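Visitor: I'm new here and would like to learn how to read a structure. Could you walk me through it?

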Amino acid sequence: LLITCVWIIYEAIERIFHGNYFIQVTYWSYIVVISSICIDIWRSRALKKAAIKYNSQALEADALHFSTDIWSSAVVLLGLICSNFGFYLADAIAALCVAVIVIFVSYKLGKKSIDVLLDKAPDGIIEKINGIIFNIPQVISVYSIKVRQSGADIFIEVVAEVEPDMSFQTSHDLIHLIEETIKLKIDRAYVTVHLEPKNKY
C-alpha cells in the first residue's frame, strides 16, 4: 500500500506542476465510484460486527480497510464532480488526499499487527482486571498482573494476597471465583491465579 501511495503521489504532483491533468469523465465513472461506496459500506459494517463477535484482529483490520475505502471513494467522487465542471486539477488533488488517507491507515494497521505479534496487552486491561479483583472481598491486595494477547485470546496471570489462615478449600473456591469473574468480564480470557498469604510482620 505504501509503495502504491508513493507512485500515486508522484503522478499527482507531475500532473499539478506540468499541467497534464485533463481527464474524461463519463457517467460510468460515477456509477463505478458510487457502487464502490455502497458495497464498501455494507462490507465494512458486516466485518465490524463479525470482528466484535469473534474478537478477531484480522476481521477488524479488514473492516477498517473498507471503511477507509469509503472515504477514499468519496474524495474521488468529489474530484470527478469538480473535473466534470472543468476544474481538472481537482482529480490530482483528490489523488493526493487518497494517498494520505491510505498512508495513515497503513501505519495504523501495521502498528496494530506488530503489537499483536509482540503479544502486547490491550490498552486499559490491567486497570480493568484490578477493578474486578478488588471487588472480591477476600482479596487484600494484588502483587502482580501479567497480560499478553495472542490472536483473539488473552492470557492473564494474577498473584493476589489473602489472609494467611485461609483454609485450602476456601483458597480453592476463591481462585475459581477470581478466574470465573475475570472470564465473565473479558472475552476469550485464559486466567491463572496464584494466592500468597499476607505477611503479618
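Guide: Let's take a few features in turn. Keep in mind that this is a predicted model.

Visitor: Let's start with the strands. Which way do β2 and β3 pair, and over how many bridges?

Guide: Look for the direction of each strand and the bridges between them. Here β2 (residues 153-162) and β3 pair in the parallel sense, over nine bridges. To find your place, pick out Ile-156, which stands opposite Val-191 in β3. Now follow the chain: it leaves β2, passes through α6 and arrives at β3, a right-handed β-α-β crossover.

Visitor: And how do side chains sit along a strand?

Guide: In a regular strand, they alternate between the two faces of the sheet.

Visitor: Which residues touch the most other members in the largest nonpolar core?

Guide: That core holds 23 residues, and the ones touching the most other members are Ile-129, Ile-133, Ile-156, Val-158, Ile-178 and Ile-182. At least two residues of this core come from each of α5 (125-134), β1 (141-150), β2, α6 and β3. The element that gives the most is β2, with five residues.

Visitor: What is Ile-182 in contact with, beyond its neighbours within four places in sequence?

Guide: Try clicking on it. Leaving those neighbours aside, Ile-182 is in contact with Ile-129, Ile-132, Ile-133, Ile-156, Val-158 and Val-191. Apart from this core lies another one, of seven residues, including Tyr-30, Val-33, Ile-37 and Leu-77.

Visitor: What about Val-98: is it buried or exposed?

Guide: Check its relative accessibility, which is 14%, so Val-98 counts as buried. You'll find Val-98 in helix α4 (residues 89-117). Setting aside neighbours within four places in sequence, Val-98 is in contact with Ser-72, Val-75 and Val-76. Also, the C-alpha atoms of Val-98 and Trp-71 are separated by 8.1 Å, with the two residues 27 apart along the chain.

Visitor: How many disulfides are there?

Guide: The test is whether two cysteine sulfur atoms lie within 2.5 Å. By that rule, the count is zero. Take Cys-5: its closest cysteine sulfur, in Cys-97, is 12 Å away, so that is too far for a bond. Cys-5 is buried, at 2% relative accessible area, whereas Cys-38 is partly exposed, at 49%.

Visitor: One last feature, the backbone angles. Where is Arg-188 found?

Guide: Arg-188 is in the loop between α6 (168-185) and β3 (189-197). Its phi is positive, about 55°, although Arg-188 is not a glycine. With 42% relative accessibility, Arg-188 counts as partly exposed.

Key. Residues are numbered from 1 along each chain as its sequence is written. This is a predicted model: local features need pLDDT of at least 70, side-chain atom pairs count only at pLDDT 80 or more; totals for chains, interfaces and linings use all residues. Side-chain values use heavy atoms; hydrogens and water are left out. Helices (H or I, at least four residues) and strands (E, at least two) are DSSP runs, numbered from the N terminus. Buried means under 20% relative accessible area, exposed over 50%, partly exposed in between (1.4 Å probe, protein chains only). Two strands pair if DSSP finds at least two bridges between them. A crossover is right-handed if, with the strands pointing away from the viewer, the path from the first strand over the helix to the second runs clockwise. Contact means heavy atoms within 4.5 Å. A nonpolar core is a set of buried Ala, Val, Leu, Ile, Met, Phe, Trp, Tyr and Cys residues joined through side-chain atoms within 4.5 Å.
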